[in-house]
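Grab a pencil and have a go at these exercises. Each one comes with a solution you can follow step by step.

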Amino acid sequence: MTAILAFISFCNINCTSSLRKNSYTIGFSQCTGLDLWRRTMLDEMKTELSLHPGVDFVYADAHGNSETQIAQVSAMLDKLDLLIISPNEAEPLTGVVEEAYRRGIPVIVIDRKTKSSLYTAYIGADNYEIGKLAAKYLGTISKGQINLIEVLGLPGSSPASERDRGFTDGIKKFPNIQIKARLQGNWVKQDAEKKLIKLRPELKNINAVFAHNDDMALGSEAVFKELYPGKKITIIGVDACPGEGGGMQMVYDRSIAASLVYPTLGKEAILTAFQILNNEPFSKVNILQSLVIDTSNVRLMKMQTNKINSQQNDIIKQQGLLAEQQLIYKSQQTVLNIIVTTLVLAIISGGLAFYFLVENRKINRHLALKNEEIIRKGEQLVEMSAKVEAATEARLNFFTNVTHEFRTPLTLMISPLQDMLKNEKAVEVIGNSLKMVNKNAYRLLRLVNQLIDYRKLEIDKTTIQASENNIIAFCREIIDSFRLHAKKSKIQLYLVPSEKDIQVWFDVHLLDKVFFNLISNAIKFIPDAGIVKLYLRRDHGQVYIDVQDNGVGMTQEEAALVFDQFYQADNHPRVGSGIGLALTKEIVGRHHGNITVTTKKWEGTTFTITLPLGDAHLKESEKTYFKNEWPDMDEQSNSCLMDNEMFSFTETPAFTQTPNEFSILIIEDNQDLLNYLNQKFSEHFDVYTANNGNDALIQAYEKVPDLILTDVVLPGLSGKTITEQLKTDLRTSHIPVIMLTAQSSNDQKISGLESLADIYVSKPFQFDYLLAAVNNLIRNRKILKEHFTSDLPIPVKSGISRSIDKKFVNDFSGIVEKNISNENFSVDDICRSIGISRIQLYRKVKALLGYTVNDYLLDRRLKKAVYLLNNENLPVSEIAYMVGFSSANYFSTSFKAKYGCPPTEFKNLNKVV
């Protein structure tokens, strides 16, 4: 008995020591516990700690005060095995963190870094990448101009500075995003609201907000909802906490547009703490990934979060059961210690203790498996969200548009120059050719200059150099430089100032581009005998300049997009680069002004520029006190107006022309290139022209040309759409198509050929090459005709390149062969059998076979007769009826006309044709 009692006492002692061996004290210093994100962090820590019984957890909340947090940490250092700290501010908390580290206490810094690297581990998200991710998301979902306010966190905190730096770097890829103001919201909703209300005059032009946390984002939404109800504002926050009042719920309720997940870090902090305390491998720097939650994935995220919460509730319940089991275990231990003298009770107590210990381990293993499942599902959720984001991401194709603009002018310069070098009668064409080269050289120069200016302003962030000048005199000189061209076009120009002298601070080398662009656009889009007026007036510390015309105007949809990069209105045949008005808006904005447009379709357009008077709005770096010379107005006006010049090529009068054997349809929206190709191809073909896809399709069906030459990018139907429709239509499937385009990449060429085009020619091109390609296609078509019309009894079926043409020829020849003995068989019978009109049948047969329908029918009957004469011993009269002739005399006459002798003589001579 004594031995048994000694053994039980030994077991009790070992059990007690085993429980105490892994007991630690972990302290957590929180900068503030007021917001939902930090409360969620604390809950995660407590949940994870519940899996490690026997650990003392000391929590201190500094309520956002750095001095309080320093005092709290200093007070708890003596009793801690490990410190977890979320610094309120980076620099003030550096000292106390270094002190703990030097005293040998492991320190885990979470969320915010200190100014020193003296800590054991850091756990947080990459705030710089979060800022860049917010910029990328905003730039991706937005197509127009974005005027944005950035609501920052607490000054001096590392998340605020890093998110701001990441966002600033991120929007450099999106020139349509401009940060109009930055304000400190101090991570608090009320502070953000107060700061925004102070900016009330500037909020009317704001259409986006990036707040550094969801509370400030919700405050921003409340301010805009109060001040501008109904206005669409894109608001992005950070945290995306689940639960009521969290960022995820805000996105779900559409209070804000999106929120970036900022991991709450609590679980990771406890896991890292035990790795350190148990001398297990750990990473010093642990950066958790983020993702964007918006309306495309918030429902999925809520479902996953609810499922995770449900599993966590199960864990809590099981922890409760575990606590009960532990209480029972302790009570049994007490009973065992009290009734140590009874061997039976001791054995029972030992058995119970062992049983509960096994159950305890089972529960822990079960909980560990559930935690692993939660982690795995979280990783799957992140992966799914990344795929959704990648699938919905839109990319702007800047260089393709610019290349398309560059290549057409290059074509128009290169081709005429080559023509002049080869043409002995250059004197007759040198005038128009040189004008065309000159015009497109100016056009290319203006486009290059605009791109350079735009790059300097939008990307290189070049500042203006403003000086004080009389803006009325400045505008008068610009108006005068346009008068000669306006007079030629019978356009009246008026300058209408409210006074003689209005002194304004502006950059003379930038603001002139604004007026040149607006006036040249006005002249471009008004008919002859139109009016352009420039009004100037001052009012309430600002000067207003109205550029008004009575031209074609715009729809409200076009007006809303007119300042977007590379937007081109569809109301005029002469197109530009689409960068002029975007550059204009940028220049006016750099002068701290504003530009708006008022227009009505077919009634005219007015652009209104507003510039502030005085120089209080300008920084010192934006001012110069040296009077800059005004730029050469005449040279710039010539450059602007040269693009409006239209050249006509002299056409040979119709009565002097002889009809050509072949015809060609040219489809091109650039009028100069269309005129040039018309003139060049008219020397060899009958030419039809069209400048849009819809008209081209109608002409193709009406004229049925021998070849079609089309651009890819056209108003209305595109060149690829036209080609696909023509090649799949029985009436026009035989017509060869050449695609002429500035889209020259391999993928674009493959796409063009997949639309059933025969040849894909890139701009710039040599006309001789284009002419050779046209002649080659037509020559191949003639060979195909000869193939179909050979003397074989039935046309060969294997040499037809187009399946629809092959089917037509097979169907047509089959119908003829089937009815060759029917003397009443006619063209109308063929039309009904194939299902096309009489005129389309004639055109199709003529194009593919080179015969009229009646000639082909007669030819097939005579060839069948030759076959029967050579291979069958039948009377001539019977053969005549077998091949569909109503009389033997008509058969004999037709046969002799083709083969030079009557059928009887042909049979006797056994003549083979």
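**Exercise 1: a charged pair and its exposure**

D169 is partly exposed, with a relative accessible area of 27%; buried would mean under 20%, exposed over 50%, and partly exposed is in between (1.4 Å probe, protein chains only). Before going on, note that this is a predicted model, where local features need pLDDT of at least 70, side-chain atom pairs count only at pLDDT 80 or more, and totals for chains, interfaces and linings use all residues. Residues are numbered from 1 along each chain as its sequence is written, and side-chain values use heavy atoms, with hydrogens and water left out.

Task: find which side chain meets D169 in a salt bridge.

Solution.
- Start with the criterion: a side-chain nitrogen of Lys or Arg within 4 Å of a carboxyl oxygen of Asp or Glu.
- K172 fits, at 3.7 Å from N to O.
- Now check exposure: K172 has 58% relative accessibility, so it counts as exposed.

**Exercise 2: a buried pair**

Task: take D111 and work out what its salt bridge with R38 ties together.

Solution.
- First, the distance: the closest N and O atoms of D111 and R38 are 2.7 Å apart.
- Next, place the two residues. D111 sits in the loop between β4 (107-110) and β5 (121-125), while R38 belongs to helix α2 (residues 36-49), so the pair joins parts that are 73 residues apart in sequence. Helices (H or I, at least four residues) and strands (E, at least two) are DSSP runs, numbered from the N terminus.
- Then look at burial: D111 and R38 are both buried.
- Finally, widen the view: R38, D111 and R112 are linked in a network of salt bridges. The whole structure has 22 salt bridges.

**Exercise 3: the open sheet**

Task: give the strand order of the open sheet, then say which strands stand at its edges.

Solution.
- The 6 strands run β7-β6-β8-β9-β10-β12, with mixed pairing; two strands pair if DSSP finds at least two bridges between them.
- β7 (177-184) and β12 (292-294) are the edge strands, each with a single partner, so one side of each has no neighbour in the sheet.
- Neighbouring strands are turned by 20° against each other on average, direction ignored. Axes here are lines fitted to C-alpha atoms, for helices over the stretch in contact (heavy atoms within 4.5 Å), and angles run from 0 to 180 degrees between N-to-C directions.
- Zoom in on one edge: β10 (residues 258-261) pairs with β12 in the antiparallel sense over 3 bridges, and A258 stands opposite D294 in β12.
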